[in-house]
Amino acid sequence: FDYGKKHNIKVPFAKMAFATHEIPAIAEEIGYPLVVKGKFYDAVVAHTMEQAQKAFYKLSAKWGFPIIVQQFISGTEINVAVLGDGNGTAISVIPMRKLYITDKGKAWAGITLEDESLIQLAQTFVSATKWKGGCELEIMRYWNTLFDLTEIEFCFFEFYNIFGLF
């Protein structure tokens with residue numbers, strides 16, 4: 001959240017939690033529903049304190065700490081596949097609207113989008129981070145024009161190196 005603010009990238013409000021007793025104060029700031037995320041993978045939408053605590057225990061046991069407690073954003077899920085050169089330039093940007101989502105929340109089918117605002121968001125991200133290699137920006141679009149960057153999934157540099165991209 002702080003990084004997004006610094007680089008003018010809209011990101012849902014989020015805080016890290018290391019113990020369940022921290023959740024009530026975070027929930028008071030964010031409101032329900034909220035999203036409880038593992039530090040590497042998995043996310044659970046919680047509508048109550050009990051659901052948030054259960055998710056906290058499950059995700060911390062699986063992935064360790066910290067646990068991310070994030071504001072829930074409702075809208076259309078969009079992924080943007082990005083390839084950065086490590087110097088701040090996006091070599092490739094491909095936005096996609098998710099059409100089918102698996103039970104794990106992963107895109108299984110989608111359609112590519114021609115949307116300059118999504119391409120600009122990806123370029124802003126790559127410029128700010130000097131990203132090298134591939135990543136996927138997960139975005140929630142709402143009201144057709146506004147969007148939040150909800151997650152960044154990275155691809156290992158070695159994967160791209162195998163194919164001679166770097």
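The hairpin of β5 and β6 has 4 residues between its strands. There, G86 takes a positive phi near 90°. The model is predicted. Strand β5 pairs with β6 on the one hand and with β8 on the other.

**Strand β5 and its partners**
- Strand β5 covers residues 76–85, and β8 covers residues 132–142.
- These two strands run antiparallel and are joined by 10 bridges.
- One pairing to look for is L83, whose bridge partner in β8 is G134.
- Strand β6 spans residues 90–101.
- It also runs antiparallel to β5, with 7 bridges joining the two.
- Across this pairing, N79 stands opposite M96 in β6.

**Order of helices and strands**
- The chain holds 5 helices and 9 strands.
- Along the sequence they follow the pattern α-β-α-β-β-α-β-β-β-β-α-β-β-α.
- The pattern begins with a helix and ends with a helix.

**Burial and surface**
- The chain has 166 residues, and 36% of them count as buried.
- About 9800 Å² of the chain is exposed.
- Carbon and sulfur atoms supply 57% of that exposed area.

**Contacts along the sequence**
- How many of the contacts between residues at least 6 apart in sequence join residues at least 24 apart?
- The share is 52% of those contacts in the chain.

Notes:
Residues are numbered from 1 along each chain as its sequence is written. This is a predicted model: local features need pLDDT of at least 70, side-chain atom pairs count only at pLDDT 80 or more; totals for chains, interfaces and linings use all residues. Side-chain values use heavy atoms; hydrogens and water are left out. Buried means under 20% relative accessible area, exposed over 50%, partly exposed in between (1.4 Å probe, protein chains only). Contact means heavy atoms within 4.5 Å. Accessible areas come from the Shrake-Rupley method with a 1.4 Å probe; for residues, only the protein chains shown count as cover. Two strands pair if DSSP finds at least two bridges between them.
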